[in-house]
Amino acid sequence: MWDYTDKVKEYFYNPKNAGVLEDANGIGDVGAISCGDALRLMLKVDPDSEIILAAKFQTFGCGSAIASSSALTELIIGKTVSHALELTNQDIADFLGGLPPEKMHCSVMGYEALRAAIANYKGDSWVDDHEEGALLCKCFGVDEGMVERAVRVNKLTSMEQVTHFTKATGSCSTCIEDVEAVLTRVNSEMVAAGDLDAELAYNPARNALPQRRDRVKSSPLGTAPKKELTLLQRIRIIESAIEELRPYLKADGGDCELVDVDGDRVLVKLSGACVGCQAASVTIGGIQERLIAKLGSPLKVIPVPGH
Amino acid sequence: MRPVYLDNNATTRVDPKVVSAMLPFFTEQFGNASSMHAFGSEVGSALKTARGQLQALLGTEFDHEIVYTGSGTESDNTALLSALETQPGRDEIVTSTVEHPAILALCQWLQKNRGIKVYYTPVDSRGRLDIDAYRKALGPKTAIASIMWANNETGTIFPVEQLADLAHDHGALFHTDAVQAVGKVPMDLKTSEIDMLSLSGHKLHAPKGVGALYVRRGVRLRPLLRGGHQERGRRASTENAPGIIGLGVAAELALEHMQDEQTRVASLRDRLEKGLLQRIGNAFVTGDAESRLPNTSNIAFEFIEGEGILLMLNKEGIACSSGSACTSGSLEPSHVLRAMKVPYTAAHGAIRFSFSRDNTDEDVDQVLAVMPGVVERLRSLSPFWKSGEKTSFEPTYA
């Protein structure tokens, strides 16, 4: 079940301005029955003041499509045509208290219907730039053609860039694989045509690498070869590593001292501001990471209570 | 007002008798069936009884023909992957365009990533399989043919026995996804040509999270999950004892209610269907009315969209489902209705009512009272519905 806001439900169950506007002088039709969504927006515009006096809609579609259509009419009645054109689909969604990401396209349909109806009023025609290839990103209504165009024209070579240019994958990100496939294909076509350096082309294998959750870029064990050390050497290295850290802790009003080294357990005492600090575990983690890198062997830093 | 639940093909209410049979196996008899102590052996004998109960519903001869799984989907995946693995040299699958995603998505993945050739047998406008196309698709390279026993959206029943026979002509295995059929139609697998059959507990008043794969004696099976020796090494995982025991009781109850399902439940469905078509114009039944599950009715209401219908019915306490794009998270209407070439004008407005033995005459009355108003209201909002025109009782498609 979709998580609709009360306002969406209210505008679905009791839509305002539903029906045919007999004396409309601007009509916009968007969507199609094949897509499962279609909206006819009818406007009555005062030719002198250009104020939208009345607006009505007929919608074939889901609950949020009907609610978005009704919200749109509420938002534009009383506005001038040029004011109304400043509305975005986000305004429609906001008016309804938000829409589920998968339903954002319903607000996009309202936005497009408004443009179509105003173009019709002005005697222009409005060209729908949708429905080119498969719809990839349902949240923002981005189809394959839009992604391909953005990639070619702007020489995009990363998923982040595609999101910035088209919004695709920007919300629920369930379409990430589909968008990735388009980016990969278009980039390789661009390389083949000599429009893009092969080095720069998007490489999906690189993105499939597992990513570390924490700030560690690589395992500290991976960078340091294991060294054969005497206990004294180990303790000296540990002490000097802690010494290097102390100025930073002191700057925050804290401190740290080595209590004991027991095999691979390093006992330390945190004092001053470090005690009871929310970030103490981060501090311990930082010390541990540093010691592992210096010693080249796994160990565990354990804080012990102060006296 | 009592809520009206008519979405039993999605899931069913767990029968209270099933729940009470399961409960001791959470708290008292909680042992691992493999353990060498009393806790384990108590569970072991209860599992044996449960297996016998499921065997009785399916009409199987040997207890080892049942492999418990976690879901219908797992059973389907196991069957297809095993068939490919046990028959090197056979790298083709024959299935249909109207299968459940548990089969279709796997087939698409096998095509893309394993180079498997998949034939999707089409259906006609009433959802009946094109037998000639099926026959032509079978060949010496076919590893397995997998055709559902009954379709989940329209209830259309496929002639699985004949289809299995045809597959065997080519030395191919035959699997059927019987998730919607088990418990609703009588089965006698000991006399059947079917090699593998998938079922799921929660469609027959057992809990979610338990399913089974029937594997006919002699059919080789490669496990999907490797690990312990459970299910004779064919499905490793500690037995889901409460689930399996619940499924056993549910199977026994299904057998008891089979007659009721075939008669009373079917007549409830028929009364709803007739009543709706009398009251509402531009609507038609999809699927094969001659050969259908007794509990399922799929009606397409032209020029309106399913989600709106569901939301309005929900407000009146009526639960059913829709093949519409908007309810599924995808933007395409039901692949089943598209495969049947139901036009878009109607496919988006198709509503599935699925009954169970829990339903009553009052449920039907309530839907008949509410539905005409809902359809009329949504049609008045639809730009494709010509208001003022006399409502036609002839759909533009039938």
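This report walks through chain A, one of its loop residues, and the contact between chains A and B in a predicted model.

## Chain A at a glance

Let's start with the overall make-up. Chain A has twelve helices and eight strands. It runs to 307 residues, and 36% of them count as buried.

How the chain folds back on itself shows up in its contacts. Take those in chain A with a separation of 6 or more: 55% of them come from residues 24 or more positions apart.

## A look at Leu200(A)

Now for a single residue. Leu200(A) sits in the loop that links α8 (176-192) to α9 (204-207) of chain A. Is Leu200(A) buried or exposed? Neither, quite: Leu200(A) counts as partly exposed because 13 other C-beta atoms lie within 10 Å, and the buried class starts at 20 while the exposed one stops at 12.

Leu200(A) also has a partner from another part of the sequence to look at. Ser158(A) is 42 residues away along the chain, yet the C-alpha atoms of Ser158(A) and Leu200(A) are 9.2 Å apart.

## Where A meets B

The contact draws 20 residues from chain A and 20 residues from chain B. On the chain B side, the elements giving two or more residues are α9 (306-315), α10 (325-328) and α12 (344-347) of chain B. Which of them gives the most? That's α9(B), with four residues.

As for chemistry, the side of chain B that touches chain A splits into eleven nonpolar, six polar and three charged residues.

Key. Residues are numbered from 1 along each chain as its sequence is written. Chains are lettered from A and ligands numbered from 1 in the order in which they are written. This is a predicted model: local features need pLDDT of at least 70, side-chain atom pairs count only at pLDDT 80 or more; totals for chains, interfaces and linings use all residues. Two residues are in contact if their C-beta atoms, placed from the backbone, lie within 7 Å. Ala, Val, Leu, Ile, Met, Phe, Trp, Tyr, Cys and Pro count as nonpolar, Asp, Glu, Lys and Arg as charged, and the others, Gly among them, as polar.
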